[in-house]
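Colleague: I am new to this structure and should be grateful for a close look at one part of it. Please take the part in its own right and then place it in the whole.

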Amino acid sequence: KPCPLCDEAKEVLEPYKRRFILQEVDITLPENLEWYEKYRYDIPVFHLNGKFLMKHQVDIQKFEDQLMKLELQNN
């Protein structure tokens, strides 16, 4: 903290907040060492449904496409 890149990403995702649950992970905490070692130079990083989706910034088209696929699978 602070994380301006994370804050910016959350703003971009705000219109979609009713369609997914955002779980933030502070990679600087000792219990998140694995994530820190993997992503310390690549924040923010996004996983969707447990799978890597994107890093550095929100690719809104990619996000929408993957979110739509998940929603169709769950219907």
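How far apart are the end C-alpha atoms of helix 3 (residues 60–73), and what span should its 14 residues have?

Modeller: The model is a predicted one. In helix 3, the end C-alpha atoms lie 20 Å apart. At 1.5 Å a residue, the 14 residues of this helix should span 20 Å, so the expected value and the value in the model agree.

The next point is how the helix faces its surroundings. Phe63, Leu67 and Leu70 are buried in helix 3. These residues cover an arc of only 60° around the axis, and therefore they sit on the same side of helix 3. The spacing follows a general rule: an α-helix has 3.6 residues a turn, so residues three or four places apart point the same way. Leu72 and Gln73, by contrast, are exposed on the other side of helix 3.

The buried residues of helix 3 have three packing partners: helix 1 (4–13), strand 1 (45–48) and strand 2 (51–55).

As for the whole, the protein chain contains three helices and two strands, and their order along the sequence is α-α-β-β-α. Of the 75 residues in the protein chain, 24% are buried. The C-alpha trace spans about 40 × 20 × 15 Å along its principal axes. Where contacts join residues at least 6 apart in sequence, 35% of them link residues at least 24 apart. The accessible surface of the protein chain is about 6200 Å², with 51% belonging to carbon and sulfur atoms.

Terms used: Residues are numbered from 1 along each chain as its sequence is written. This is a predicted model: local features need pLDDT of at least 70, side-chain atom pairs count only at pLDDT 80 or more; totals for chains, interfaces and linings use all residues. Side-chain values use heavy atoms; hydrogens and water are left out. Helices (H or I, at least four residues) and strands (E, at least two) are DSSP runs, numbered from the N terminus. The expected span of a helix is 1.5 Å times one less than its number of residues. Buried means under 20% relative accessible area, exposed over 50%, partly exposed in between (1.4 Å probe, protein chains only). The arc is that of the directions from the helix axis to the C-beta atoms. Contact means heavy atoms within 4.5 Å. Accessible areas come from the Shrake-Rupley method with a 1.4 Å probe; for residues, only the protein chains shown count as cover.
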